[in-house]
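Reader: I am new to this structure and should be grateful for a close look at a single part of it. Would you kindly choose one contact between helices and explain what is found there and around it?

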Amino acid sequence: MSLEKLVEAFAQHSAAQTDAICRGDAKTGNKHAKMVNAAFDKLCAYGNPGRDALAALFMHPRMDVRVKAAAFLLRHGTEEAKTVLKDAAQGEGLVSSRPPRR
């Protein structure tokens with residue numbers, strides 16, 4: 001599988017995991033978490049080029065996908081990952097430090 005396809009799979013399963021969690025569907029969320037981990041493992045098998053490819057998700061439209069990529073890449077792209085995580089912490093909802101407004 002190409003790096004691009006692996007990054008796409010990581011993003012799709014990250015988003016699907018969050019959606020499942022928000023629905024209260026832990027079984028489906030766990031299934032997608034396993035797929036996220038599998039995509040990451042395959043990307044890491046490429047070494048730094050695989051990790052660099054995953055860093056493209058730091059610009060993904062969904063914050064949860066950006067945060068997941070940043071968490072997985074903290075050791076590889078520390079400063080960029082920390083920037084993504086700090087930005088997320090300022091928001092609201094599942095991936096931030098503040099609950100959503102009601």
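Author: The following account takes up one helix contact, then the aromatic rings and the core, and lastly some individual residues.

The model is a predicted one, in which local features need pLDDT of at least 70 and side-chain atom pairs count only at pLDDT 80 or more, while totals for chains, interfaces and linings use all residues. Residues are numbered from 1 along each chain as its sequence is written, and side-chain values use heavy atoms, with hydrogens and water left out.

The protein has five helices and zero strands; here helices (H or I, at least four residues) and strands (E, at least two) are DSSP runs numbered from the N terminus. From that terminus on, the order of elements is α-α-α-α-α. Of its 102 residues, 37% count as buried, where buried means under 20% relative accessible area, exposed means over 50% and partly exposed lies in between (1.4 Å probe, protein chains only).

The part chosen is the contact between helix α1 (residues 3-23) and helix α4 (residues 63-72), whose axes come within 9 Å and cross at roughly 115°. The axes are lines fitted to C-alpha atoms, for helices over the stretch in contact, and the angles run from 0 to 180 degrees between N-to-C directions. This crossing of α1 and α4 is right-handed, the term for a near helix turned clockwise from the far one by less than a right angle, whereas an anticlockwise turn is left-handed. On the α1 side, F10, A11, S14, A15, Q17 and T18 take part, and they meet D64, V65, K68, A69 and F72 of α4; contact means heavy atoms within 4.5 Å. Sorted by class, the contact of α1 with α4 has six nonpolar, three polar and two charged residues. In this sorting Ala, Val, Leu, Ile, Met, Phe, Trp, Tyr, Cys and Pro are nonpolar, Asp, Glu, Lys and Arg are charged, and the others, Gly among them, are polar.

Two of the residues in this contact, F10 and F72, also form an aromatic pair. A search of the whole structure finds two such pairs. Rings of Phe, Tyr and Trp (its six-membered ring) pair if their centres lie within 6.5 Å; planes under 30 degrees apart count as stacked, over 60 as edge-to-face and the rest as tilted. The ring centres of F10 and F72 are 5.3 Å apart and their planes stand at 90°, so this pair is edge-to-face. Because F10 belongs to helix α1 and F72 to helix α4, the pair ties together parts that are 62 residues apart in sequence. F10 is buried, at 0% relative accessibility, whereas F72 is partly exposed, with a relative accessible area of 26%.

The second pair joins F40 and F72: their ring centres are 4.8 Å apart and their planes stand at 75°, so this pair too is edge-to-face. F40 lies in helix α2 (residues 26-44) and F72 in helix α4, so parts that are 32 residues apart in sequence are tied together. At 15% relative accessibility, F40 counts as buried. Ring pairs thus link F10, F40 and F72 into a cluster.

F10 also belongs to the largest nonpolar core, a set of 20 residues in which F10, L54, L57, F58 and A69 touch the most other members. A nonpolar core is a set of buried Ala, Val, Leu, Ile, Met, Phe, Trp, Tyr and Cys residues joined through side-chain atoms within 4.5 Å. At least two residues of this core come from each of α1, α2, α3 (48-54), α4 and α5 (78-89). The greatest share comes from α1, with six residues.

Another core member, F58, is in contact with R66, A69, A70, L73, E80, A81 and V84, leaving aside neighbours within four places in sequence. One of these, E80, lies in helix α5 and counts as partly exposed at 47% relative accessibility. E80 and F58 are 22 residues apart in sequence and 8.1 Å apart in space, C-alpha to C-alpha.

To return to α1, Q17 is placed in this helix and is buried at 11% relative accessibility. Beyond its neighbours within four places in sequence, Q17 is in contact with G29, H32, A33, V36 and K68. H13, likewise in helix α1, is buried with a relative accessible area of 18%. With the sequence neighbours of H13 within four places again left aside, H13 is in contact with H32, M35 and V36.
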